[in-house]
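Please look at the sequence and the 3D structure below before reading on. The paragraphs after them go from the whole to the parts.

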Amino acid sequence: QIYADSEQASVAVAHQIAELIRRKAAAGQMCVLGLATGSTPTRLYEELVRLHQQEGLSFRNVISFNLDEYYPMRPDSLQSYVRFMHEYLFDQLDIQPENIHIPDGTIAQEQVAEFCRRYEEQIRAAGGIDLQVLGIGRTGHIGFNEPGSGAASRTRLITLDHITRTDAASDFYGEENVPRRALTMGVGTILEARQIVLLAWGEGKAAVVKRMVEGDMSDSVPATYLQQHKAVQVVLDAAASAEL
Ligand code: GLP
């Protein structure tokens, strides 16, 4: 789906998510959302907040699972995804705090494997993810599944790619301050979502969007594994679609 600009695209996706939440609520069901961070979904989250505040969209039936978090990372750090999600979204909604799940960047190294196993278990216990929002990194990562991440990978601790750390450098006031690792849902975890919406804006994403959509499926561009999913939408602005 190619929109003239990211503004129109973000609003359209927000409305699609709102409809899903309302449909689930009308059926007396919880709506399980997989959520992403980064600059890409900020306008989408702003529109969801507007729909809550001005049009009565309730998030009381929403359970959320975030894709990833830097490791190590304190939740109150400027760059933490916990802080990001609360600032842009959760603090302005009526979502129940116990329904929010974000990988814990403070977990001790020896407890990471158990934490990741439990994260997957919580997703399953919630009934699986109804709709997963994704951005894409210039390395072709989804979540923090860097090149080399296989289609069957699960939630785990990974090492960040050099390009990803360069892209995050300005957020951390220098590349040397960017954590070397991160916790992320796996490609396999993401592919189990019933519906996936990947967003990409701007000319900086055009090359990786082309590789994701038109390239062969391979772990050198983990986002290519989305090609095998039955219900994936790729939502682009004109600039991000320029090389297709
Ligand atoms: C980070 C996040 C990804 C995100 C990517 C793109 O690596 N872990 O989930 O998709 O950045 O970021 P941006 O949206 O700022 O371009």
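The text below covers the model as a whole, then one sheet, then the ligand.

This is a predicted model, in which local features need a pLDDT of at least 70, side-chain atom pairs count only at pLDDT 80 or more, and totals for chains, interfaces and linings use all residues. Residues are numbered from 1 along each chain as its sequence is written. The protein averages a pLDDT (the predictor's confidence in each residue, from 0 to 100) of 98, and 100% of the residues score at least 70. For the complex, the predictor gives an ipTM of 0.95 and a pTM of 0.98.

The protein has 7 helices and 10 strands. Helices (H or I, at least four residues) and strands (E, at least two) are DSSP runs, numbered from the N terminus. Along its principal axes, the C-alpha trace spans about 45 × 45 × 35 Å.

One open sheet consists of 3 strands in the order S4-S8-S7, with antiparallel pairing. Two strands pair if DSSP finds at least two bridges between them. The edge strands, S4 (68-71) and S7 (156-159), each pair on one side only. S4 and S8 (residues 181-184) pair in the antiparallel sense over 4 bridges. Within this pairing, Tyr-71 stands opposite Arg-181 in S8. Strands of a sheet pair through backbone hydrogen bonds, either parallel or antiparallel.

Which residues are closest to the ligand? They are Gly-38, Ser-39, Thr-40, Gly-135 and Gly-137, out of 13 that surround the ligand; a residue is near a molecule if its C-beta atom, placed from the backbone, lies within 6 Å of it.
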